Amino acid sequence: MKVHSYERSFLAVGAFGLLACIVALSYATFGMGMHLPDRVAKVEPKNIRTTAPFDHPGVRKTGPNEYEAVILAQIWTFSPQEIRVPVGSHVTFTVTSADVIHGFDIVGTRINMMAIPGQISRNSYTFREPGEHLLICHEYCGAAHHTMFAKVIVE
Amino acid sequence: MSTSTSYVPGIYVSPTSAPVTTTTTVFDPAGYVVSAAERRVIRWTIYVGFIALAAGISHGLAQALSYAHINILPYFPFLRSYYQGLTAHGVANAIIFTFAFSNGFLPLMLSRGLSRPLHKSLLWTSFALLVGGNVLIVFAITTNRASVLYTSYAPLQAHWTYYVGLVLVVLSTWAAALNMFLVLRSWRRDNAGARIPLLAYISFLSYVMWFLASLPIATEFLGFLIPWTVGLEPLTDPLLDRTLFWFTGHAIVYAWLLPAYVSWYALIPRQAGGKLISDSLTRMVFILFLLLSIPTGMHHQYTDPGIPEKMKMLQGVLTFGIFFPSLATAFSIMAALEIGGRARGGRGLLGWIRALPWGDPSFTAQVLAMLTFVLGGITGLINASYVMNELIHNTTWVPGHFHMTVGSAVALTIVGVSYWLVPYLTGRALWSRGLALASSWIYAVGIFVFARGMISNGLQGMPRRTFIAQAAYSRPEWHLGGIITGIGGTLMFIGLVLFLLVIVMTIVAGKRGEEPTDVPISETLTAPALTGWEPNLDRIGLWVLAAVVLILIAYGPFFATYLPPHFTSPGFRIF
């Protein structure tokens with residue numbers, strides 16, 4: 001099969017570009033610590049309100065400048081509806097759903113996860129600027145989906 | 001390009017010397033004519049798709065306007081919620097419109113490529129399954145029993161008619177695939193040692209890929225969702241269902257796209273007056289889609305819990321791999337267009353572009369489709385880049401992206417193909433070339449405007465699948481993008497209304513006797529090789545086996561470490 005030299009060059013440049021993207025992504029993950037949610041643990045949604053840590057949703061300090069925010073998504077609200085963390089804190093979000101699939105998107109940050117009944121979602125983020133972020137359910141979860149949101153206040 | 005010198009004028013000019021500004025009528029070297037009986041059922045199959053398109057875009061308009069804070073939902077009869085309409089839009093436009101077209105188009109291309117009749121009983125079976133499935137789906141959606149969106153994420157639970165209806169639609173695609181398989185098998189028996197004609201080969205591979213890809217969603221619906229919705233199983237596993245959905249769900253977009261690629265590779269060069277440059281490269285592109293379309297589904301689940309990060313990353317890398325055949329396609333199609341433009345008298349570096357048949361609505365719609373796909377492809381790479389995916393996942397960025405792929409690369413290609421296919425199938429010439437041209441331009445401008453609004457608002461965090469006009473929250477940054485989205489969506493709607501008008505008028509009032517009498521099959525500059533490694537490209541069974549191995553590598557570790565199912569969830573009907 002003869003491949004025209006223009007085409008060979010075009011494909012080589014394209015392939016190089018794709019490889020460069022993959023290298024950049026690997027650096028973002030392993031060099032800069034930007035991770036995707038990993039497998040954490042299975043839970044039982046029907047007992048979720050009596051299962052630790054979701055029996056006491058909210059923010060707790062876990063170390064110097066380290067916090068864990070435990071948030072339960074349910075139709076059509078997050079609990080708690082507002083969390084406050086200090087500027088510069090590194091916050092690990094631990095999330096699940098009590099009923100259907102919900103979204104968990106803190107607008108303006110990298111925190112963007114699905115909350116799936118039966119699974120724990122976890123990811124962390126360092127809030128460097130003060131301000132108020134919308135926390136939106138961005139997966140359709142029934143008739144009043146568009147009313148489901150909360151706030152993350154960095155102060 | 002040096003290859004353009006090998007163009008021999010006259011070879012593929014129609015003997016009836018159709019004027020170059022109308023839909024091309026093509027000389028048929030083999031003299032094979034698809035029978036009127038086959039054309040009839042293929043025509044009706046494709047009409048089902050047009051009806052679905054008409055039903056789906058009306059709510060598409062409502063959604064686009066919702067982003068501009070204009071609520072036209074109260075004017076819709078039957079409609080009880082935004083999400084009911086959104087379900088209808090997704091199912092009708094993304095699933096029914098596309099598969100109805102493919103169920104007619106791909107078998108027709110295979111039949112014409114092999115100069116061999118299809119099995120009429122299977123054509124009718126496929127049609128009956130498609131119609132039967134649609135009756136159930138329309139019942140479920142219009143009565144608000146299935147407002148779960150086309151992704152059908154459990155534990156939102158639809159009425160059984162919705163799931164069974166979708167299963168019947170998938171079965172209709174299997175009937176079409178089986179038809180193609182049987183015809184190709186008998187052709188190969190009669191033509192031992194011959195290479196499969198390119199048009200038939202790529203048409204068949206499109207549905208081979210889809211058949212393989214559809215097995216996980218068949219497992220999800222038949223094994224989990226249907227037993228659960230009728231009460232045989234009280235609980236389901238939402239993550240497993242979702243993973244099975246996306247196991248099929250990324251490949252499904254290639255099942256929509258590959259029929260468009262069939263037209264771009266095998267028909268458009270001829271419509272442009274050119275030739276396809278490479279037979280083997282075209283086959284390799286379709287093989288790569290067969291290999292890579294399926295083991296990439298987890299890039300839709302980057303933000304999901306329960307799936308190890310490394311498995312997501314592996315599928316992310318494979319997703320970058322599947323961009324490669326599209327790069328090759330970009331080059332091949334551009335080269336074929338250049339050959340065509342130069343053959344038509346275009347000179348200079350870019351003069352060939354002006355010489356292309358822009359007066360042919362079929363050609364123009366498909367070239368505009370290709371242009372939108374450039375941005376569609378690039379935004380797709382951004383989706384695949386998982387760190388960036390965390391910024392845009394489930395924002396309006398994503399529908400902004402896929403309206404530039406399925407919503408235009410595919411939809412506008414179907415529009416363009418229909419502009420010769422409907423006349424070919426009905427024996428009636430295209431009604432109003434001017435309106436046909438206008439429809440594509442308006443739609444193409446509309447999609448760019450629409451996507452500009454959706455993409456920018458997605459970057460600002462506006463959620464998709466959300467009734468923004470009545471949301472409990474808002475951000476000032478979303479206002480401008482929302483208005484742009486509303487304007488673009490309105491243009492898209494107008495473009496497709498014009499398309500439907502042209503099609504309906506062609507069917508009822510097109511002039512008889514002036515229609516194209518054959519499929520515009522392109523020639524290639526290099527004939528398929530009979531020796532060396534290239535005939536191995538036709539050993540489709542072997543390539544399917546390779547695809548299965550890749551799928552096992554990509555998905556095996558997930559299932560091995562996850563199963564048995566974690567049955568947790570009863571159904572929720574909260575819509």
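**View 1. Strands β6 and β9 of chain A, side by side in a predicted model.** Here β6 (residues 102-106) and β9 (residues 131-136) of chain A run antiparallel, joined by two bridges. Look for Asp105(A), which sits opposite Ile136(A) in β9(A). As a reminder, strands in a sheet pair through backbone hydrogen bonds, whether parallel or antiparallel.

**View 2. The five-stranded sheet of chain A.** Pull back a little and the β6 and β9 pair turns out to belong to an open sheet, ordered β4-β10-β9-β6-β7, with mixed pairing. At the edges are β4 (82-85) and β7 (112-115) of chain A, each with pairing on one side only. From one strand to the next, the twist averages 20 degrees.

**View 3. A salt bridge between chain A and chain B.** Arg465(B) and Glu139(A) meet here through their side chains, 2.9 Å from N to O. The count between the two chains is two salt bridges. Polar contacts across this interface come to 26 residue pairs, both residues at pLDDT 80 or more.

**View 4. The side of chain A that touches chain B.** Among the elements on show, α1 (5-31), β7, β8 (121-126) and β9 of chain A each chip in at least two residues. The largest share, 14 residues, comes from α1(A). By type, this side of chain A has 34 nonpolar, 16 polar and nine charged residues.

**View 5. The whole contact between chains A and B.** Chain A brings 59 residues to the contact and chain B brings 77. Between them, about 5700 Å² is buried, with carbon and sulfur atoms giving 67% of that area.

Key
Residues numbered from 1 in each chain as written. Chains lettered and ligands numbered in written order. Predicted model: local features only at pLDDT ≥ 70, side-chain atom pairs only at ≥ 80, totals over all residues. Heavy atoms only, no water. Pairing = 2+ DSSP bridges. Helix = DSSP H or I, 4+ residues; strand = E, 2+ residues; numbered from the N terminus. Axes fitted to C-alpha atoms, helices over the stretch in contact; angles between N-to-C directions. Contact = heavy atoms within 4.5 Å. Buried area = accessible area lost by both parts, 1.4 Å probe. Salt bridge = Lys/Arg side-chain N within 4 Å of Asp/Glu carboxyl O. Polar contact = N/O pair within 3.5 Å; in protein donor to acceptor, adjacent residues only side chain to side chain. Nonpolar A, V, L, I, M, F, W, Y, C, P; charged D, E, K, R; others polar.
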